[in-house]
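Biologist: Could you walk me through one part of this protein slowly, as you would for someone in their first year? I would like to see how that part sits among its surroundings.

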Amino acid sequence: MEFRPSADPAKRSLSALMWAASVAVALIAVMTLVSVQLRNDNRSGSSMRTSATAAQSAPETTATGTPSGGPATSVPLPLTAAALENYLRQHYSLLPGNTLAAWTWLTTRYQGEIGGYDAYRNYWGTVASVTVWDVSADPDQLTVTYRLTLRYADGRTGNELRRAQLVRFGGGYLIDGTTLLS
């Protein structure tokens, strides 16, 4: 018969305590991250005050690989002035409230040009509402010229004349850049 001494109860208690502390720290970290994300989502959602002139629903069906709310539809969009104009209006109807969905409507090249998603979200977080008007498209050049009225959260108002360059993507389009004309 062999005698094995049992583990020191103090060492067992210390191991259990360390394990419990590690689990608690991990849970606190996860809860903090979730809380921050929910707060950011609520802030974006509560500021969704899109003008009636820009309010159009985003496409309901998306192509494989495109995030929900993204621009590419399973049915190819026609290359007409009206389709391009509608596409641009739909994009701005997502803003400022749903920056993540609007972000998916931009090419990765343009996303990098504007400084990444955080810069995009931070800018649109300063905007209370956006109205798109005086929209005209050139299907041959895949461009859309339009005016924006931006109402900022601090009460300021801004007007811009812009031209967006679009590219074909799947059955739809993506915005590959915008130029401020005035």
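Modeller: Here is a close look at helix 2 and the parts around it, starting with the whole chain and then moving inward.

Please keep in mind that this is a predicted model. The protein has 5 helices and 4 strands, and along the sequence they follow the pattern α-α-α-α-α-β-β-β-β. Of its 182 residues, 37% count as buried. The accessible surface comes to about 10,900 Å², and carbon and sulfur atoms account for 59% of that. If you take the contacts between residues at least 6 apart in sequence, 51% of them join residues at least 24 apart.

Now to helix 2 itself. This helix covers residues 81-93, which makes 13 residues. From the first C-alpha to the last, helix 2 reaches 18 Å, close to the 18 Å expected at 1.5 Å a residue. Which of its residues are buried? They are Ala83, Leu84, Tyr87, Leu88, Gln90, His91, Tyr92 and Ser93. As you look at that list, a rule about helices is handy: an α-helix has 3.6 residues a turn, so residues three or four places apart point the same way.

What covers these buried residues? The cover includes two helices, helix 3 (99-103) and helix 5 (116-124). It also includes strand 1 (127-138), strand 2 (143-152), strand 3 (157-169) and strand 4 (172-180). Let us visit these neighbours in turn.

Leaving helix 2, you come to the loop between helix 2 and helix 3, where Pro96 has its place. The peptide bond that joins Leu95 and Pro96 is cis, with omega about 5°. Pro96 also gives us a link to helix 5: its C-alpha is 9.1 Å from that of Tyr123, although the two are 27 residues apart in sequence.

Tyr123 lies in helix 5. Is Tyr123 buried, partly exposed or exposed? Its relative accessibility is 33%, so Tyr123 counts as partly exposed. Setting aside neighbours within four places in sequence, Tyr123 is in contact with Leu150 and Tyr152. Helix 5 also holds Gly116. With the same kind of close neighbours left out, Gly116 is in contact with Trp103 and Gln111. Gly116 and Trp103 are 13 residues apart in sequence, with 9.4 Å between their C-alpha atoms.

Next come the strands. Strand 1 and strand 2 pair in the antiparallel sense over 9 bridges. One of the pairings sets Val127 against Tyr152 in strand 2, and Tyr152 is one of the residues that Tyr123 contacts. Between these two strands is a hairpin connection of 4 residues. Leu142 has its place in this loop and shows a positive phi of about 55° although it is not a glycine. At 16% relative accessibility, Leu142 counts as buried, because the cut-off is under 20%.

Strand 1 has a residue of this kind as well. Asp134 has its place in strand 1, and its phi is positive, about 50°, although it is not a glycine. With a relative accessible area of 48%, Asp134 is partly exposed. When you follow any strand by eye, remember that in a regular strand the side chains alternate between the two faces of the sheet.

Strand 3 and strand 4 make another antiparallel pair, joined by 8 bridges. Leu166 stands opposite Ile175 in strand 4. The hairpin of strand 3 and strand 4 has 2 residues between the strands, and Gly170 in the turn has a positive phi of about 60°. How many of the residues of strand 4 are buried? The count is 7 of 9, so strand 4 is largely enclosed by the rest of the structure.

Phe169 has its place in strand 3. At 37% relative accessibility, Phe169 counts as partly exposed. The C-alpha of Phe169 is separated by 9.1 Å from that of Thr107, and the two residues are 62 apart along the chain.

To bring this back to your request, the buried residues of helix 2 include Leu84, Tyr87 and Leu88, and their surroundings include helix 3, helix 5 and strands 1, 2, 3 and 4. For another place to look, turn to the surface, where Leu14, Leu17 and Met18 form a nonpolar patch with about 330 Å² of accessible area together. Met18 is found in helix 1, which covers residues 9-46.

Definitions and conventions:
Residues are numbered from 1 along each chain as its sequence is written. This is a predicted model: local features need pLDDT of at least 70, side-chain atom pairs count only at pLDDT 80 or more; totals for chains, interfaces and linings use all residues. Side-chain values use heavy atoms; hydrogens and water are left out. Patches are made of residues with over 30% relative accessible area and no salt bridge: like charges are joined within 9 Å, nonpolar side chains (Val, Leu, Ile, Met, Phe, Trp, Tyr) within 5 Å. Accessible areas come from the Shrake-Rupley method with a 1.4 Å probe; for residues, only the protein chains shown count as cover. A salt bridge is a side-chain nitrogen of Lys or Arg within 4 Å of a carboxyl oxygen of Asp or Glu. The expected span of a helix is 1.5 Å times one less than its number of residues. Buried means under 20% relative accessible area, exposed over 50%, partly exposed in between (1.4 Å probe, protein chains only). Contact means heavy atoms within 4.5 Å. Two strands pair if DSSP finds at least two bridges between them.
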